[in-house]
Amino acid sequence: MGCTALADTLRGWGASNLTILDLDDNRIDDQGLQALAAAITNTKLEELYLSGNLITAVGLRSLSTYFQSESCCLNALYLYRVNFGDEGAVAFAEGLMGNKSLTSLVFNSVESGITDVGWAAFSKLVCDTSDVNSTYLSNHNIKTIGEHMMFGTPLNIRRYLDLNEHPHPAIHKIIRSHSDLNMEPFFQLKLKLLPVVTSWFRSARSCMSPNIGLRELTQRHILQNRELSALYKFVLGMPSLVVTSYWQQLLANVQTKRMWLDEERRKLDFDEEAARERLGCRPGREGSTHLVSCSKRRRQV
């Protein structure tokens, strides 16, 4: 009843200025968490402490709607001494897909009861390697899963979370997770996507470390190989279109240059006519111009 009453109070406040809510060790169960989750949707809550409560995966699923709402501004959730297990980890992983606010999900990896199954769900949350688009749509915002120092968090997840600290984390994850970028799904767009591909690789180069060490040089070399491989696949997949595009581009360049030359010729003709008038010139034979001086014209008179 206590949590339900609190939920009613929070709903009464509406969009309150409450930013920290500490409910540690209050014997909150799944039903109480469900009521609380519905009540905090329109608050400005940034930190929520739920350690030491009687919460299971059933209650954690009720947070999914809150996590995925545009009004969610929760930065940190603390769940020490809560055994939510693999089902709870899966509930978190599904609920946090698309969330843009939560940066810290703090719990004890031993007390939580998570096994490899639960950690696999968290790994998929931060970097879904099933395909490039899934990697791009992964959660690139969260920085901590587990203890603050993440001693109990698997190494692969810690590496993904470390990438979330970098600019353009999605690019870093795609480069590291997909050694061979499949271009075939984009062939239907023909060459319209090719400038986007080259621009994407430029962005990838720009977000790499400016340090020039062996690791950085290796990463740049790998990135260059990926770019060349992607461009090669476009050429290999659409050879006739690439050849046609080449001649079309060449023709367009020639036409552009011809227009420029025509414009330059018109300017030269205008300048020549103006100079001829100022100097008393008269046109001679076709293709030449004779200058007639004033003194010569007087003698002719």
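How close do the axes of helix 5 and helix 6 come, and at what angle do they cross? In this predicted model, the two axes come within 8 Å and cross at roughly 10 degrees, which means that helix 5 is roughly parallel to helix 6. The residues that form this meeting can be named on either side: Asp86, Ala89, Val90, Phe92 and Ala93 belong to helix 5, and they meet Val117, Gly118, Ala121, Phe122 and Leu125 in helix 6.

Before following helix 6 further, it helps to set out the chain to which these helices belong. The protein chain contains 13 helices and seven strands, and of its 301 residues 38% count as buried. Among the contacts in the chain with a separation of 6 or more, 74% are accounted for by residues 24 or more positions apart. The surface that the protein chain exposes is about 18400 Å², and carbon and sulfur atoms supply 55% of that area.

Returning to helix 6, which spans residues 116-126, one finds that Gly118, Trp119, Ala121, Phe122, Ser123, Leu125 and Val126 are buried. The cover over these buried residues includes helix 5 (85-95), strand 4 (104-106), strand 5, helix 8 and helix 9 (169-177). Helix 8 is thus a second packing partner to examine, and here the angle is about 25 degrees, with the axes of helix 6 and helix 8 lying 10 Å apart. Because angles under 35 degrees count as roughly parallel, helix 6 is described as roughly parallel to helix 8, and the crossing between helix 6 and helix 8 is left-handed. On the helix 6 side, Trp119, Phe122, Ser123 and Val126 take part, and they meet Asn156, Ile157, Tyr160 and Leu161 in helix 8. Phe122 is therefore a residue to inspect in both pairings, since it is listed among the helix 6 residues that meet helix 5 and among those that meet helix 8.

Helix 9, which is part of the cover over helix 6, has a burial pattern of its own. Seven of its nine residues are buried, so helix 9 is largely enclosed by the rest of the structure. The buried residues are Pro169, Ala170, Ile171, His172, Lys173, Ile174 and Ile175, a list that includes His172 and Lys173 alongside Ile171, Ile174 and Ile175.

The loop that precedes helix 8 offers a view of the same region from another residue. Met150 is found in this loop, between strand 5 (144-145) and helix 8 (155-163), and with a relative accessible area of 12% it counts as buried, because the cut-off for that class is under 20%. Leaving aside residues up to four places away in sequence, Met150 touches Lys143, Thr144, Ile145, Arg158 and Leu161. Leu161 also appears among the helix 8 residues that are met by helix 6. Met150 and Asn108 are 42 residues apart in sequence, while their C-alpha atoms are 9.0 Å apart in space.

Towards the beginning of the numbering, the loop between strand 1 (20-22) and helix 2 (30-39) contains Asp25, and Arg27 is found in that loop as well. Most residues other than glycine have a negative phi. Asp25, however, has a positive phi of about 55 degrees although it is not a glycine, and phi of Arg27 is likewise positive, near 55 degrees. With regard to accessibility, Asp25 counts as partly exposed at 49%, whereas Arg27 is exposed, with a relative accessible area of 66%.

Beyond that loop, Leu33 lies in helix 2, and its relative accessible area of 0% places it among the buried residues. Not counting residues up to four places away in sequence, Leu33 touches Ile28, Leu50, Ile55, Gly59, Leu60, Ser62 and Leu63. One of these, Ile55, is 22 residues from Leu33 along the chain, and the C-alpha atoms of the two are separated by 7.6 Å.

A last stop is helix 12, which runs over residues 239-279 and includes Arg276. Arg276 is buried, with a relative accessible area of 15%, and its side chain makes a polar contact with the side chain of Glu273 at 2.2 Å.

Terms used:
Residues numbered from 1 in each chain as written. Predicted model: local features only at pLDDT ≥ 70, side-chain atom pairs only at ≥ 80, totals over all residues. Heavy atoms only, no water. Helix = DSSP H or I, 4+ residues; strand = E, 2+ residues; numbered from the N terminus. Buried < 20%, exposed > 50% of the residue type's maximum accessible area, 1.4 Å probe, protein only. Contact = heavy atoms within 4.5 Å. Polar contact = N/O pair within 3.5 Å; in protein donor to acceptor, adjacent residues only side chain to side chain. Areas by Shrake-Rupley, 256 points an atom, 1.4 Å probe, with all protein chains shown as cover. Axes fitted to C-alpha atoms, helices over the stretch in contact; angles between N-to-C directions. Parallel < 35°, antiparallel > 145°, perpendicular 65-115°, else oblique. Left-handed = near helix turned anticlockwise from the far one by under 90°.
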